[in-house]
Amino acid sequence: MSPRACHDEQYHPAHTLISRFRFSRYPSTLMAGSLRIAVTGGSGRVGRFIVRELLDRGHQVVNLDRRPGDDDRARFVDCDIRLRESVTPVLATCDAVCHLAEIPNLEGGVPLDEVYWTNARSGSVVLQAAADLHLRHAVYASSCQVYGCWGAGSVSPCRFPIDETYPIQPMNAYAVSKVANETFAKYLCGHDGASISIFRFPWVMIQDFDNAQWRHFEQNDGPLHDGFNTFIHATDLARAFAAAVEFGRSGCEIYNLSAPDILSVFPLRQRLEKHHPDFPPLPPDWPEFKSPVVTEKAQAMLGWKPQWSFLEHFHAIRIRQMRQLG
């Protein structure tokens, strides 16, 4: 499909963006004291990394899920997140909440209306309870799918790079549910004085690739997958959640999160020009492998910066293999 017209604010370079944000020069690890933090979906694919990160930082964690997690340091509560009467008593004992307990995609065969209803219901219950209880902070796990260039039904981008001012155009039921919860979060911050961070991120990598997958990357110069081969490592995502609850910034803020590079050993511009000539061009000075998802706002406001690099890991593996052969 051809690029869509952009009607929102245009992309600004990092130095312009940072001047507009409430910059803090202190890293989140300087926040004193242990917090009591609830993590909904803390036993899940991504949630368990967030639980572990918070525990390692010295916080007390309550895991709200339907099955126990793999870290016994966290208190487990069997909880249906869709029920306010189940959620509120638990959050009443906490300082903050990280909400991840939603249907994560459309791949499980769940009817579309159920995906939307379940996600909108659980998100609104958790966020409303956090607002009513005046929790220090809530973090909502949204998705880059709200931009329309990721996931089922994805369309061509209207511009590069993609920052938080990029137009919202959800193209599937999952993305629509995320937009609904983002909108409700903004309402709660404006109407009830809640404090909420919203994270938009691409596919989350939780484990290393096997040898066959690494060989595929070496040879694959084909079309980019939806989302331009962007990703984020689970450990980096977990650090962002921890930073947000530790800072506890007031109001509602939206942050893009992404790895520093893409899942490719071939330059992004090369693959875009070769296979996607209808896409808008990257800025002339854009680094060869840099993710097109801009994360400068999270770096400026939360002191967060992605650490896990695909290219660095790829080169380290190749060096180790060469040494073993030599």
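In what order do the seven strands of the open sheet stand? Select the strands and read across: β3-β2-β1-β4-β5-β6-β9, with parallel pairing. Keep in mind on this tour that the model is predicted.

**Across the sheet**

Start at the edges by picking β3 (75–78) and β9 (252–256). Each has a single partner strand, so one side of each is left without a neighbour in the sheet. If you look at how the strands lie against one another, neighbours in this sheet are turned by 20° on average, direction ignored.

Next, show the backbone of β1 (residues 36–40) and β4 (residues 96–99), which pair in the parallel sense over four bridges. Zoom in on Ile37 and you will find Ala96 of β4 standing opposite. As background, strands of a sheet pair through backbone hydrogen bonds, either parallel or antiparallel.

Now add helix α2 (residues 47–56) to the view. This helix lies across β1 and β2 (60–65), and runs at about 170° to β1.

**Aromatic pairs**

Time to turn on the side chains: the whole structure holds 17 aromatic pairs. Select Phe199 and Phe241, whose ring centres are 5.0 Å apart with the planes at 90°, so this pair is edge-to-face. Phe199 belongs to strand β6 (residues 196–200) and Phe241 to helix α7 (residues 234–247), so the pair ties together parts that are 42 residues apart in sequence. Are these two rings' residues buried or exposed? Phe199 is buried, with 0% relative accessible area, and Phe241 also counts as buried, at 0%.

Move on to Phe217 and Phe310, an edge-to-face pair with 4.9 Å from centre to centre and 65° between the planes. Here helix α6 (residues 211–219) supplies Phe217 and helix α10 (residues 310–325) supplies Phe310, so the pair ties together parts 93 residues apart in sequence. Both Phe217 and Phe310 are buried.

For a wider view, select Tyr147, Trp150, Phe160, Tyr166, Phe228 and Phe279 together: ring pairs link these residues into a cluster.

**Charges over rings**

Which ring lies under the charged end of Lys290? Display Trp286: the charged end of Lys290 sits over its ring, 4.4 Å from the centre. For the last stop, pick Lys297 and Tyr255. Lys297 lies over the face of Tyr255, at 5.3 Å from the ring centre.

Technical notes: Residues numbered from 1 in each chain as written. Predicted model: local features only at pLDDT ≥ 70, side-chain atom pairs only at ≥ 80, totals over all residues. Heavy atoms only, no water. Phe/Tyr/Trp six-rings, centres within 6.5 Å; stacked < 30°, edge-to-face > 60°. Helix = DSSP H or I, 4+ residues; strand = E, 2+ residues; numbered from the N terminus. Buried < 20%, exposed > 50% of the residue type's maximum accessible area, 1.4 Å probe, protein only. Lys NZ or Arg CZ within 6 Å of the ring centre and 35° of its normal. Pairing = 2+ DSSP bridges. Axes fitted to C-alpha atoms, helices over the stretch in contact; angles between N-to-C directions. Contact = heavy atoms within 4.5 Å.
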